[in-house]
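Here are some exercises to work through with the model open beside you. Try each task before you read its solution.

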Amino acid sequence: MQEGAVLEMRGICKYFPGVRALQDVDFTLREGEIHALMGENGAGKSTLIKVLTGVYPKDGGEVHIRGIEGAAVIRSPQDAQNAGISTVYQEITLCPNLTVAENMYIGRTKGAVTNWKAMNSGAGKILESLGIPASPRQQLGSCSIAVQQMVAIARAVDMECKVLILDEPTSSLDEQEVQKLFGLMRDLRAKGVGIIFVTHFLEQVYEVCDRITVLRDGQLVGEYVIEDLPRVQLVSKMLGKELDDMADIKGESGGAAISQEEAPVLEAEGLCSSAGIKPFDFSIRKGEVNGFTGLLGSGRSECVRAIFGADHVTSGNVKMDGRSVKIKKPLDAMKCGIGYLPEDRKGDGIVGDLSVRENIILAYQVMKGFFHPIPRAQAEAFADNYIELLEIKTASSDTPIKSLSGGNQQKCILARWLLTDPKYLILDEPTRGIDIGTKIEIQKLVLKLAEKGKSVTFISSEIDEMLRTCSRLLVMRDRKLVGQLNGEDLTQNKIMATIAGGDEK
Amino acid sequence: MPKGIAVDKQGRLKERVAMSDTNLLLTITVVVFFILYLYAVFFLQGSFTKPQNFLNILNNNASLIVLSCGMSIVMITGGIDISVGAVTCLVCMTSAVNLERQGGNIFTVILIGLGIGLAFGVVQGFLVAHLGIQPFIISLAGMFFAKGMTTIVSKEPVRVTDEAFLAVKDTRITVPGLGSPNKLGVYIPAYVEVGVVIALLVVVLLFCLLRWTKLGRNFYAVGGNNQSANMLGINVRRTKFLAHVLCSLLAGLGGILYFLHVGSGDVANAAGDEMNAIASSIIGGTLLTGGVGNVVGTFFGVLSLNTIKRIVSSLGFDEAWWSNITVAAMLCLFLVVQSIVLLRKNKK
Amino acid sequence: MTTPVKNPETRVKRPEESLFKRLTRQQLFIPVAALVLLVLFNLVADYKFFAVTITENSLGNTVLSGNIISVLDNASELVILAIGMTLVTASSGGQDISVGATMAIAGSVILRMVCGGQVTADTMQMNLILAVIIGIAVTALFGAFNGTLVAYFNIQPMVATLIMYTAGRSIAAWINNNQLPIINDLAFKYAGTFLPGIPVPTPIFITILVIAVFWLVLKFTNLGLYTQSVGINPNSSRLNGINPQMIKLLTYVILGVCVAVAGFIRVSRSGSINYSRIAENIEMDAILAVALGGNALSGGKFNIYGSILGAYVIQFLTTTLYKYEVPSTALPAYKAVVVILLVVLSAPAVREKLASMKKAPAKTVKEVS
């Protein structure tokens, strides 16, 4: 092993049916560093981590861990824990039916008896020191997703680990919580813990990391010290080509003329749903791209869900092209020509075991009706068309969608809605958890759709994405619509100020 | 950015810790049982006013209590075991044949009961936990197998005449202070059978196991989300395996208690008890989805189920079918109430 | 990044992809293999098992008889139930364990109708078709009850149907005031025995008809797609305009209809009913048929023909066991052993083990490193 290294992986290989997930990958983690693991979706980051933590068995290579003679044998997450590796996954991997304290201690206490008192007081101390707003005795399922993620982090941090893996832990945290997490990571680094940090947010990488390892298509591209690798280069290494797209997009924005005379494509007044948002007004014109912005949980998703009828609509009037319509359930909205790409791709978007083809035709098929199935040949033509158009990486249109990478799944969902040829498309966080290349493709697509006269509502956590695509932003705060920005007001500072509220008006 | 925005996601920070699902369902069950029984005592009177009536529910159902507790444990881990009734029946028959025809004694009976239970548990547990086969299918096969084996052991009912055994069977443990005078005014002391003491002991032991041991908490974790449990470093396979072994072992013990109560082997013994056990567990607040449940609730589940059976028959609906229909109606009611309560709670 | 995976360079074929493995991964592998094994066993043990003879039955009709005919005939109810059970399994991820009990209800209703409330009747008191339709309506209603509990109250299917499992036979008895009606009209028994002049048992025709109907329904409606979609991801289905609750309910109602047809065949075989014995344990066989057909009991994707084949395999097994004079009471034990063997062989873990045995040397080297 190298001097100073706590973890060394050499020549790791992993195959899945039809896919080469990892090919001869090396990775070295040194004591007291924060090491970013970067790559597009499907580059093999998550697979590498799951191999390291024993979730997947590896097909080749060896792992060395400081303090363990020879190659370490890690066959289960338990082995990994014992070897001093603790992990926080992107999806929450805790038990919702247990209490917060139990979730922090289960699976790693000695002895056969549970000492509730010690456990609760220990957990209470950690929660307090990390400023996590939860009680140790509370059932985990009753906490918000962000708090659950923080509990998972607290658990990992509390373990006396040599290696801490954070696999996209920040995707459900807001800015304050992210800062808290970074503070924590720096403390741990000072104590000599090696941290592997996987994220899609470049800003975050440059804020906390010391070193970067880049993977592409299951292969190692290289390991770099952060100072030696400017952002643009990092991105080009991840994509495997030079980056020129960012500038392109900016130029196109606002190109399409939005007609002011016609009635808006969709106009909502006093819309309110059971998801607990305050009634809001909304309208969108032909060829317009607008967006909802606000902090996580500010109610932006709930607003679009109300428009689409995904939550129970309690009040409000909706007009499409000037005519009054009733949208009570998603099918009503679809019949009015509205498409909706949901925020939670796995839970609300894909139908995992069905094939790519069936996933793509699903919405169109439903609109055609129960008694009019699309003939197989036609369905295949539709699917192949969109697989080519959106460059979806899949073995065939018969492949189950769940075996695709996140970005490609998202493209399938996009294809699903494009196939229905909607007048108005709602995209809720279409770029979350997706590699940069696909992100840019999706943004371009949005602008192209607007040019063709479609209306699009775009939601994203990244303000620059919104600035690049939207001509009007609706700002949400505390589940209430607090402002609209357009034209010259569309600047980062102005948006931040409106989101924050208070003095600056 | 001003503070306060962040904290307010879906749930505001609650000062008071909300009741866990397990405790909520347990509370409902206990309350329902008391309402049922008090209703019977005040409005139906008759035998209900005598404590012995209550004790008889225990006497008749000691075996079911044990079976249901085992069922609850498997259900907490997210599985199910529908072989328990048939295993009980097999244990009774084998014990009876052993006592009558092979000169066995009370100890061989205990050995047979636990041995059969252990064997079923190990095989079913292995198939479920290590080969990942659905527990419903495995225990279905287990049930078929036990039913078939019972008739292979003996098709005819076997009555036990062994005196040492009958002495144990007829032992009555007097409960002081609960007796009542009969028609002639003679004071009849209230009693429970040996089996009841064992059953109650089992409930207490299992309660402690589930509450205070690592294994017990692992049962809940595995039932809550078995992938997460795996990631948290719990050996999911071993936990599931042990849950099934424990359940079948308890079915074996249940068989011994059943045998101790009826004193004979018969292919019709414990017929339908797997369904009674499932029903009791559900009424007792165990969710079939796993992760939620409690043996104390299950104990009250058994009591509620049998109380309502008695209430219905004392209301004059004593044809056989009414008993089944009311049990079904009760189950239906509980399921609907539970589902509404949980749906409401999750919405908040 | 735009290279499609179709490109041979990026699409890696696993070296251990043997014929055996590809075969075992087929959904129909297990039922077909089981059928082949059973056939081989019978061929070796006694090839006369497959003999079909022409005999004259008690009514003087010329009919075909033999073990094969009896397998096809006796499997009818099971096949019909397995079809409905497959749909229910796919949509709700659970099974209906009340089918045996609701078959008793269907039989009881039909008998009450044709007997006109009498204990014995020599001629039918009501048009048979009307009586069957009433039977179908009643069990569809019970199906709707189960479906409502599952779809709208979110109760696990096994538990929800436990209610009807417990109460069904009692309700069946209650419908006829606990009497056992007997109908002696020959026309009533046509459906369960033979049509005059036709040597093949009628249930076989009914089964073929039911299969044909489902083939048409699956071809000309979206029942298949919707059911699978709902079974795999109800949230996503809802956001795509499907009403998951409605689809779940629908599958239970369809199963209810299947149950009525099966119940009708069963009572029509004898013209009488025994509430506690009729179609006993058939729910277990129906669930096994679904599992044997390679369908995940946790729902989602399904193959209805797999279940049909599974049902025939189970009946084949039963008939084989009877032939070797296994007493009917001990039958379950033998069946259980076979079932366990089949399920164990089809378990993914075991299949992988079997497949890896072929490439054992390579694997062990990797494990050591």
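A salt bridge is a side-chain nitrogen of Lys or Arg within 4 Å of a carboxyl oxygen of Asp or Glu. Keep in mind as you go that this is a predicted model.

**Exercise 1. Check a salt bridge in chain B**

Task: Work out why B:Lys169 and B:Asp170 count as a salt bridge, and say how buried or exposed each one is.

Solution:
- Start with the distance: the closest N and O atoms of B:Lys169 and B:Asp170 are 3.9 Å apart.
- The cut-off is within 4 Å, so a Lys nitrogen and an Asp carboxyl oxygen at that distance pass the rule.
- Next, look at accessibility. Buried means under 20% relative accessible area, and exposed means over 50%.
- B:Lys169 has 18% relative accessibility, so it counts as buried.
- B:Asp170, at 48%, counts as partly exposed.

**Exercise 2. Find salt bridges that link distant parts of a chain**

Task: How many salt bridges does the structure hold over all chains? Then trace one in chain A and one in chain C.

Solution:
- The total over all chains is 30 salt bridges.
- In chain A, take the side chains of A:Arg357 and A:Asp398, which meet at 2.9 Å, N to O.
- These two are 41 residues apart: A:Arg357 sits in helix α13 (residues 356-368) of chain A, and A:Asp398 lies in the loop between α14 (376-389) and α15 (406-419).
- A:Arg357 is buried, with a relative accessible area of 6%, whereas A:Asp398 is partly exposed at 44%.
- Now for chain C: C:Asp46 pairs with C:Lys323, and their closest N and O atoms are 3.0 Å apart.
- Here the partners are 277 residues apart, with C:Asp46 in the loop between α2 (29-45) and β1 (53-56) of chain C and C:Lys323 in helix α14 of chain C.
- C:Asp46 is partly exposed at 22% relative accessibility, and C:Lys323 is partly exposed at 30%.
- Salt bridges can also link up: A:Arg30, A:Glu33, A:Arg211 and A:Glu223 form a network of them.

**Exercise 3. Describe where chain C meets chain A**

Task: Which residues and elements make up the contact between chain C and chain A?

Solution:
- Count the residues: 32 come from chain C and 46 from chain A.
- Add the area: the two chains bury about 3400 Å² between them, 57% of it on carbon and sulfur atoms.
- Look for charges that pair up. The rule finds one salt bridge across this interface, and it joins the side chains of C:Lys301 and A:Glu358 at 3.8 Å, N to O.
- Polar contacts come next, with nine residue pairs found across the interface, both residues at pLDDT 80 or more.
- On the chain C side, the elements giving two or more residues are α9 (202-220), α10 (223-232), α11 (234-239) and α17 (360-368).
- Of these, α10(C) gives the most, with six residues.
- Finally, sort the chain C side by type: eleven residues are nonpolar, twelve polar and nine charged.

**Exercise 4. Compare helix lengths with expectation**

Task: Why does the span of α9(C) agree with its number of residues, and how does α12(C) fare?

Solution:
- α9(C) has 19 residues, so at 1.5 Å a residue it should span 27 Å; its end C-alpha atoms are 27 Å apart, which agrees.
- The buried residues of α9(C) include C:Ile204, C:Val210 and C:Phe214.
- Those buried residues pack against α3 (67-74), α4 (76-92), α12 (244-270) and α14 (304-323) of chain C.
- α12(C) has 27 residues and reaches 40 Å from its first C-alpha to its last, close to the expected 39 Å.
- 19 of the 27 residues of α12(C) are buried, so this helix is largely enclosed by the rest of the structure.
- Just after α12(C) comes C:Gly271, with a positive phi of about 75°.

**Exercise 5. Look around a single residue**

Task: Is B:Ser281 buried or exposed, and what is it in contact with?

Solution:
- First find B:Ser281 in helix α11 (residues 273-283) of chain B.
- Its relative accessible area is 0%, so B:Ser281 is buried.
- Leaving aside neighbours within four places in sequence, B:Ser281 is in contact with B:Ser68, B:Met71, B:Ser72, B:Met75, B:Thr286 and B:Thr298.

Note on methods
Residues numbered from 1 in each chain as written. Chains lettered and ligands numbered in written order. Predicted model: local features only at pLDDT ≥ 70, side-chain atom pairs only at ≥ 80, totals over all residues. Heavy atoms only, no water. Contact = heavy atoms within 4.5 Å. Buried area = accessible area lost by both parts, 1.4 Å probe. Polar contact = N/O pair within 3.5 Å; in protein donor to acceptor, adjacent residues only side chain to side chain. Helix = DSSP H or I, 4+ residues; strand = E, 2+ residues; numbered from the N terminus. Nonpolar A, V, L, I, M, F, W, Y, C, P; charged D, E, K, R; others polar. Expected span 1.5 Å × (residues − 1). Buried < 20%, exposed > 50% of the residue type's maximum accessible area, 1.4 Å probe, protein only.
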